[in-house]
Amino acid sequence: MQQVAITGTGLYTPSQAISNEELVAAFNQYVDLYNAENANAIAEGKLAPLAHSSPEFIAKASGIRSRYVIDKSGILDPTRLVPHIPERANDELSLQCEMAVNAAMQAMSAANCGPQDIDAVIVACSNLQRPYPAIAIEVQSALSIEGFAFDMNVACSSATFGIAQASGVIRDGLAKRVLMVNPEICSGHLNFADRDSHFIFGDVCTAVIVEDASLSTSGFLVRDIKLKTMFSNNIRNNFGFLNRADENGIGQPDKLFIQEGRKVFKEVCPAVAALISEQLDALGTPASELKRMWLHQANLNMNDLIARKVLGRQPTVDEAPVILDEYANTSSAGSVIAFHKHQSNLQSGDLGILCSFGAGYSIGSVVLQKR
Ligand code: CO8
């Protein structure tokens with residue numbers, strides 16, 4: 001089969017960051033306001049009081065210490081807890097396109113190519129700011145790329161599934177080089193008034209150049225890809241175009257991100273470890289030969305558990321790099337950020353695995369070999 005390689009990556013990081021302490025201070029002010037406003041109903045037992053959040057809990061339960069966001073002021077306003085992201089005019093670049101172009105320029109530079117060398121664009125992410133025209137086609141136009149473009153969404157696994165799509169497009173002869181981008185604006189759909197999840201997500205954009213391996217000798221060969229999905233309601237977002245047709249549902253909190261975090265943890269970790277182990281077995285590659293695991297960055301304890309199950313021992317920081325402490329969960333972009341930042345010290349022939357997991361459930365695992 002025709003070989004495919006990843007030859008460049010790019011990372012756009014928003015300029016504004018929020019520490020756990022800042023986020024919790026705003027959340028706790030909101031809680032105090034809510035409890036004061038509803039004091040009578042709470043005293044009569046009609047409403048339950050809200051409880052404070054804590055930076056210590058967040059760091060211990062998730063490993064997250066900060067996150068980058070498009071707009072800090074709206075999220076930290078206790079009377080709002082929603083970012084300010086004004087809609088742009090149709091003749092301006094959309095925010096997701098702007099983020100994508102920034103990350104794409106870096107990825108193309110790393111891959112030593114330009115827009116004229118790209119034949120297709122895939123935008124793959126958890127939340128698309130509009131259904132059409134596709135953000136990918138806008139990116140294609142903004143960069144003056146010939147060929148074709150399309151959007152896709154597999155939640156946290158959008159990037160690995162996007163790499164799989166790009167590989168397929170190349171193997172089918174439809175393109176020689178594909179730009180695959182992940183503009184994740186998770187703060188737009190996060191309920192910052194929900195104590196269980198207000199700390200989980202951040203905003204970012206990653207970009208990956210996937211190409212016919214015969215075009216260059218640099219980067220990483222894509223040795224194998226495994227994709228798996230299993231339906232689960234434990235991570236859900238019910239926002240959609242039919243919401244307006246149900247007047248009873250408008251404004252309900254489940255139109256934002258909701259999850260049963262404990263269940264996700266318990267069900268997803270073993271499934272991911274099993275998929276990686278089966279994949280390595282099928283390739284005849286012992287886990288001891290894996291030099292790196294660029295895992296989805298949702299929760300440090302999840303990554304430790306998965307890496308321990310696969311390797312049979314505690315991973316070193318070098319083997320399973322962590323970026324979620326700084327970036328939080330950036331959905332599909334997380335494993336790509338880890339790959340982008342932690343690949344330069346690998347030697348020719350070294351094997352690594354880029355693996356995502358999340359809503360759906362969905363798991364995508366890509367075995368990469370340094371050239
Ligand atoms: N501060 C203080 N205490 C708290 C807080 C808080 N903020 N939140 C909960 N607690 C308390 C609880 O009340 C509970 O108290 P008690 O024991 O008295 O009942 C205690 O802490 C423990 O609570 P939990 O059991 O909920 O805490 P966990 O230890 O399980 O940690 C996590 C919670 C961090 C959520 C953890 O379960 C987790 O990370 N699970 C996996 C989550 C995950 O991977 N989800 C993937 C979702 S991402 C995805 O697929 C893509 C979605 C698309 C992006 C959408 C953009 C918005």
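These legends accompany close-up views of a predicted model. Residues are numbered from 1 along each chain as its sequence is written. Local features need pLDDT of at least 70 and side-chain atom pairs count only at pLDDT 80 or more, while totals for chains, interfaces and linings use all residues; side-chain values use heavy atoms, with hydrogens and water left out.

**View 1. The shell around the ligand.** Here you meet the 28 residues around the ligand, each with a heavy atom within 4 Å of it. Cys156, Gln259, Arg262, Asn299 and Ala359 come nearest. By class, 13 of the shell residues are nonpolar, 12 polar and three charged (Ala, Val, Leu, Ile, Met, Phe, Trp, Tyr, Cys and Pro count as nonpolar, Asp, Glu, Lys and Arg as charged, and the others, Gly among them, as polar).

**View 2. Elements that supply the shell.** At least two shell residues come from each of α3 (55–62), β10 (257–259) and α8 (261–283). The largest share, three residues, belongs to α8. Helices (H or I, at least four residues) and strands (E, at least two) are DSSP runs, numbered from the N terminus.

**View 3. Polar contacts with the ligand.** These are pairs of N or O atoms within 3.5 Å. A backbone N or O atom of Ala359 sits 2.6 Å from a ligand oxygen, and a polar side-chain atom of Asn299 lies 2.7 Å from an oxygen of the ligand. For Arg195, a backbone N or O atom is 2.9 Å from a ligand nitrogen. Taken alone, the ligand exposes 1,200 Å², of which the protein buries 75% (Shrake-Rupley method, 1.4 Å probe).

**View 4. Helix α11, residues 333–341.** Seven of the nine residues of α11 are buried, so this helix is largely enclosed by the rest of the structure. Buried means under 20% relative accessible area (1.4 Å probe, protein chains only). The buried residues are Ala333, Gly334, Ser335, Val336, Ile337, Ala338 and Phe339.

Note on methods: Buried < 20%, exposed > 50% of the residue type's maximum accessible area, 1.4 Å probe, protein only. Polar contact = N/O pair within 3.5 Å; in protein donor to acceptor, adjacent residues only side chain to side chain.
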